[in-house]
Amino acid sequence: MSEAPATLHARISQAAREVRATCPLAGSITNAVTVNLVANAQLAAGGSAAMVYLADEALALTQVGGAFYVNLGTLLPCHAQSIPAAARALRDLARPLVLDPVGIGLGELRGQILDELRDAPPAIVRCNASEAIALARQWGLLEGDEAQGPRGVDAQDAVDDARAAAQAIARFIDGAVAVSGETDLVASADRVVEVEGGSPLMTKVTGMGCSLGGVAAVYAAVTDPFTAALAAAAHYKVAGTRAQRDCAGPASFQLAFVDALHAIGPDELAAEAVLRERGR
Ligand SMILES: Nc1ncnc2c1ncn2[C@@H]1O[C@H](COP(=O)(O)OP(=O)(O)O)[C@@H](O)[C@H]1O
Ligand SMILES: Cc1ncsc1CCOP(=O)(O)O
Ligand SMILES: [Mg+2]
C-alpha cells in the first residue's frame, strides 16, 4: 500500500489504479439473494471474488485475501460461527473487514452477531441510512429506541438524518462508514464527504448496496478505509450515472451498470466523481 496523495480525487484514482494493477482478492460471506451480483461487481471493478459459508473456509480466506466482506442479509445457523470467527481472525491479522448490516433488527441472530462484531469491529461499515442509525443504537453510540429500527432491507430514513450515526460509528471503529442513498455520505472519525450521482434505478435492482460493500472490500485491500469507502461509493455513482443513459429499465440497467464498472478507468473515475466535503 503506497502513501495516499493529498486530494480526494487523487486518492480515488490511485486506489483504482492499484486495484487494476493487483486484482486483490476480497473473500465474502454474503446473502443468497445477491451473491452473484456481488461477485460480478467485484470482478468488474478489478478485484477477485470468493464466497463461502462455513467457518473453516472463511478462516482460510481471511489468510489469503487482502480484505473480507460480511453481509448479514440471509443468515443461516452456520453464520453464528463463521462471521464472528472471520471477524476475530481479521482483527488479529490487522486485515480490513467490511460489514453490511443489512436487515438489522430482523430476528435475534443478526443482533447477536452484531454484538460480537462490536469486539472485533469492521474497518468499514457500508449501509443505508436506516441501518446506520440502527447499528449506532445497537452499539450504544446513539440515543434512541432500538425497536424503531429498519423495516426489511430498504431505507426509511434520509441519508442526512444518519450523519450523526455514521460519524459515531466511524469514531468507534476508527474506520469509515459509507451511507448510501440519493446522495451518499462517507464519514471517517474526522471527515465527512458527500458523493453525488447514480440513478433512481439503483433502488429497483436488488443487490446494489450489497455489491457496493463487496467492491468497498476490494478497495480496502489496497488502501485505507476512508479512501476505500470513498472510491467504491464514487465508482458506483459514476457507473450508475452512465448506465442510466444506456438502459430501458431495471434489468438492462443492471447489465449496463456492471459493464460501466468495468469500463471506467482510474482517470475517468476521478474526473467524473462528484464529491463535496461537508466537514472535518
Ligand atoms: N435515488 C437514488 N439516486 C441515485 N443513486 C442512488 C439512489 N438510491 C440509491 N442509490 C445508489 O444505489 C447504491 C445502493 O444504495 P442503496 O439503495 O441506498 O443501498 P441498499 O440497497 O443497501 O439500501 C448506492 O451506490 C447509492 O448511491
Ligand atoms: C432482498 C433481500 N433480502 C434479504 S438480503 C436482500 C438483498 C438486499 O440487497 P440490497 O440491500 O443491496 O438492496
Ligand atoms: Mg442493503
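**Exercise 1. Determine how strands β4 and β5 are joined, and place them in the sheet to which they belong.**

Strand β4 (residues 97–100) and strand β5 (residues 124–128) run parallel and are joined by 2 bridges; in this predicted model, V98 is the residue that stands opposite I124 in β5. Helix α6 (residues 129–138) packs on the sheet, where it touches β5 and β6 (176–180), and its direction makes about 125 degrees with that of β5.

The next step is to widen the view to the sheet as a whole. The sheet is open, has 9 strands with mixed pairing, and follows the order β2-β1-β3-β4-β5-β6-β7-β8-β9. Its edge strands are β2 and β9 (274–279), each of which pairs on one side only. Between neighbouring strands of this sheet the turn is 20 degrees on average, with direction ignored.

**Exercise 2. Work out what surrounds strand β1, and establish the hand of the crossover that leads from it to β2.**

Begin with the pairing partners of β1. With β2, the pairing is in the parallel sense over 4 bridges, and G27 stands opposite A50 in β2. The chain crosses from β1 through α2 to β2, and this β-α-β crossover is right-handed.

With strand β3 (residues 67–71), β1 is likewise joined by 4 bridges, and these two strands run parallel; the bridge partner of G27 in β3 is F68.

Now consider burial, for which the cut-off is 20 or more other C-beta atoms within 10 Å. Because 4 of the 5 residues of β1 are buried, this strand is largely enclosed by the rest of the structure.

**Exercise 3. Compare the surroundings of the two residues covered by the "binding site" annotation.**

According to the unreviewed UniProt entry, the annotation "binding site" covers M51 and G207. Take M51 to start with: this residue is found in strand β2 (residues 48–51), and, leaving out residues up to four places away in sequence, M51 touches S28, T30, V35 and A39. M51 has 18 other C-beta atoms within 10 Å and is therefore partly exposed.

G207, by contrast, lies in the loop between β8 (192–196) and α8 (208–220). G207 is buried, because 22 other C-beta atoms lie within 10 Å. Apart from neighbours within four places in sequence, the contacts of G207 are V33, T34, L37 and V38.

**Exercise 4. Identify the residues and the helix that stand out in the largest nonpolar core.**

The largest nonpolar core has 96 residues, and those with the most contacts inside it are A132, I169, A216, Y219, A229 and A232. Helix α9 (residues 225–245) gives the most to this core, contributing 12 residues.

To follow one of these residues further, list the contacts of A232 beyond its neighbours within four places in sequence: they are A178, L212, V215, A216 and Y219.

**Exercise 5. Decide how far helix α7 is covered, and name the elements against which it packs.**

Of the 11 residues of helix α7 (residues 163–173), 8 are buried, and the helix is thus mostly covered. The buried residues are R163, A165, A166, Q167, A168, I169, A170 and I173, and they pack against β5, α6, β6, β7 (184–187) and β8. I169, one of these buried residues, is also among those with the most contacts inside the largest nonpolar core.

The last step concerns the end of the helix, where D174, just after α7, takes a positive phi of about 50 degrees.

Notes. Residues are numbered from 1 along each chain as its sequence is written. Chains are lettered from A and ligands numbered from 1 in the order in which they are written. This is a predicted model: local features need pLDDT of at least 70, side-chain atom pairs count only at pLDDT 80 or more; totals for chains, interfaces and linings use all residues. UniProt positions are given in the numbering used here, feature names are shortened, and annotations may be inferred rather than shown by experiment. A residue is buried if 20 or more other C-beta atoms lie within 10 Å of its own, exposed if 12 or fewer, and partly exposed in between; C-beta atoms are placed from the backbone. Two residues are in contact if their C-beta atoms, placed from the backbone, lie within 7 Å. A nonpolar core is a set of buried Ala, Val, Leu, Ile, Met, Phe, Trp, Tyr and Cys residues joined through C-beta atoms within 7 Å. Two strands pair if DSSP finds at least two bridges between them. Axes are lines fitted to C-alpha atoms, for helices over the stretch in contact, and angles run from 0 to 180 degrees between N-to-C directions. A crossover is right-handed if, with the strands pointing away from the viewer, the path from the first strand over the helix to the second runs clockwise.
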